[in-house]
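Visitor: I should like a close look at a single part of this model, namely the sheet that the two chains build together. Please describe how its strands are joined and what surrounds them.

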Amino acid sequence: MSKFNNKKKGELPAVNTASLPDIVFMLLFFFMVATVMRDNELKIKNELPAANQVEKLDKKDLVMYIYLGKPNDGFKDQFGEEARIQLNDKFAEVGDVPAFIYSERESKREELRPFLTTALKVDKDASMGIVGDVKQELRKVNALKINYTTRIGDVSLNSN
Amino acid sequence: MAKRSSPEVNAGSMADIAFLLLIFFLVTTTIETDSGISRKLPPIEESEEDVIIKQKNIFTVILNGKNQLLVEDEVMELEELREAAIKFLDNGGGSGEDKCNYCKGAANPKSSDNPDKAIISLKNERETTYATYISVQNELVAAYTFLRNRRGEELFGTSYTEMQKNYKDVNWPGSKAKLKENITQIKLEYPQKLSEVQ
């Protein structure tokens, strides 16, 4: 009868991993679909504050992004520790904001221009001084629709 | 001769390849945040004349450089701000033409006349941190949203937030024109009058 009990007794059968690729592919597709390739690389720290009274920005192509925050480690020697403005890929001064807005407007079709919104992505540790300056510049060029981009969450997350 | 079967392709490394791709996308993904508090900046006007607003209709919120909050000349914690703002906006202390017949507040004659007249004035210093500023903005918007929701429930049986969600929902079965009208009515009854001092 040795023919029938050549299996060692008590050993667990191996888990079937044949469906593992399927699971991984499923995850892969999820991330592929959800990924938005960042169009501008951030050179500043940009940790957004939390708020819960938020509205969604629906027309993504009609949004101009202005980033504010402290320069990252690699840029500290050159640009210092204070919060700076980043427009597209470059560090900018407050005075560069109007030109940026004009060029963004220029790149959009004329009938869409009134709907352009400026999204201010400001690091939570930045001071209001520079934000106020940027807002003043935006008023000067009549870009009045702004959106303070935030994470969704309770405001108690903001105090650390 | 034994039956010949075609050799099977070894799919064992398929998982590895998929994992590699997965990790690549995991690393490059930044789930883009695209929501925030929308505001409208005031246009620059060269108008000389000053509009006279009664002191009792202004709710002053001051944020100093140390992120402390001063509301109507009293030090306040952030948690209390929403309550205080609701109380001020919903006071309805006016009489005659300024009477507010939908307000549920204390009708204190020393506080705001009606929500249309009530203005919240927010002042911050250059040293204030952005996180605090956003927290305060959030609380003030929350006060307005609370009142609008309550009014929406009263008039139409749905909260203001729900109405706005339905308005954006393409699959919503009801009449959008009617909904828009309702939203506008609530917005008129509780207008967001938030002014920022430069």
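Guide: In this predicted model, β2 of chain A and strand β1 of chain B, residues 35-40, are joined by two bridges and run antiparallel. One of the residues involved is A:Glu55, whose bridge partner in β1(B) is B:Gly36.

This pairing belongs to an open sheet of seven strands with mixed pairing. The order across the sheet is β2(A)-β1(B)-β7(A)-β6(A)-β3(A)-β4(A)-β5(A). β2 and β5 (90-92) of chain A are the edge strands, each of them pairing on one side only. Strand β1(B) stands between β2(A) and β7(A) in this order.

Further along the sheet, β7(A) and β6(A) run parallel and are connected by three bridges. Within this pair, A:Thr118 has A:Ile146 of β7(A) as its bridge partner. The path of the chain from β6(A) to β7(A) leads through α4(A), and this β-α-β crossover is right-handed. A:Leu120 is likewise bridged to β7(A), where its partner is A:Tyr148.

On its other side, β6(A) is joined to strand β3 of chain A, residues 63-69, by six bridges, and these two strands also run parallel. Here the bridge partner of A:Met64 in β6(A) is A:Thr118. A:Thr118 thus appears in both pairings, with A:Met64 of β3(A) and with A:Ile146 of β7(A). Is β6(A), placed between these two neighbours, enclosed or open? Five of its six residues are buried, so β6(A) is largely enclosed by the rest of the structure.

The surroundings of the sheet include a nonpolar core. The largest such core holds 51 residues, and those with the most contacts inside it are A:Ile66, A:Leu68, A:Leu120, A:Val131, A:Val134, B:Ala85 and B:Tyr130. Helix α3 of chain B, residues 130-156, gives the largest share of this core, 11 residues. Such a grouping may be set beside a general tendency: in soluble globular proteins, nonpolar side chains tend to be buried together. A:Leu120 is therefore met twice in this account, as a bridge partner of A:Tyr148 and as a core residue with many contacts among those listed, where a residue counts as buried if 20 or more other C-beta atoms lie within 10 Å of its own.

B:Tyr130 shows how chain B meets chain A at this core. Apart from neighbours within four places in sequence, B:Tyr130 is in contact with A:Pro49, A:Val122, A:Asp123, A:Lys124, A:Ala126, A:Met128 and A:Val131. One of these partners, A:Val131, is itself listed among the core residues with the most contacts.

Over the interface as a whole, 50 residues of chain A are in contact with 43 residues of chain B. On the chain A side, at least two residues each are supplied by α1 (20-34), β2 (55-56), β6 (117-122), α4 (128-140), β7 (145-149) and β8 (151-152). The residues on this side comprise 26 nonpolar, 12 polar and 12 charged.

A residue of chain B with a contrasting environment is B:Glu79, found in helix α2, residues 78-89. B:Glu79 is exposed, because 10 other C-beta atoms lie within 10 Å and a residue with 12 or fewer counts as exposed. B:Glu79 and B:Leu69 are separated by 10 residues in sequence, and their C-alpha atoms are 11 Å apart in space.

The sheet may finally be placed within the two chains. Chain A has four helices and eight strands, which follow one another from the N terminus as α-β-β-β-α-β-β-α-β-α-β-β. Its radius of gyration is 25 Å, well over the 15 Å that the globule rule gives for 160 residues, so chain A is more spread out than a compact globule. The C-alpha atoms of chain A occupy a box of roughly 95 × 40 × 35 Å along the principal axes, and 27% of the 160 residues count as buried. Of the contacts in chain A with a separation of 6 or more, 79% link residues 24 or more positions apart.

Chain B has five helices and six strands, in the pattern α-β-β-β-β-α-β-α-α-α-β along the sequence. The radius of gyration of chain B is 27 Å, whereas a compact globule of 198 residues would have one near 16 Å. In chain B, residues 24 or more positions apart make up 55% of the contacts with a separation of 6 or more.

How values were computed:
Residues numbered from 1 in each chain as written. Chains lettered and ligands numbered in written order. Predicted model: local features only at pLDDT ≥ 70, side-chain atom pairs only at ≥ 80, totals over all residues. Rg over C-alpha atoms; globule rule 2.2 N^0.38 Å. Contact = placed C-beta atoms within 7 Å. Core = buried A, V, L, I, M, F, W, Y, C linked by C-beta atoms within 7 Å. Nonpolar A, V, L, I, M, F, W, Y, C, P; charged D, E, K, R; others polar. Pairing = 2+ DSSP bridges. Right-handed = clockwise from strand over helix to strand, strands pointing away.
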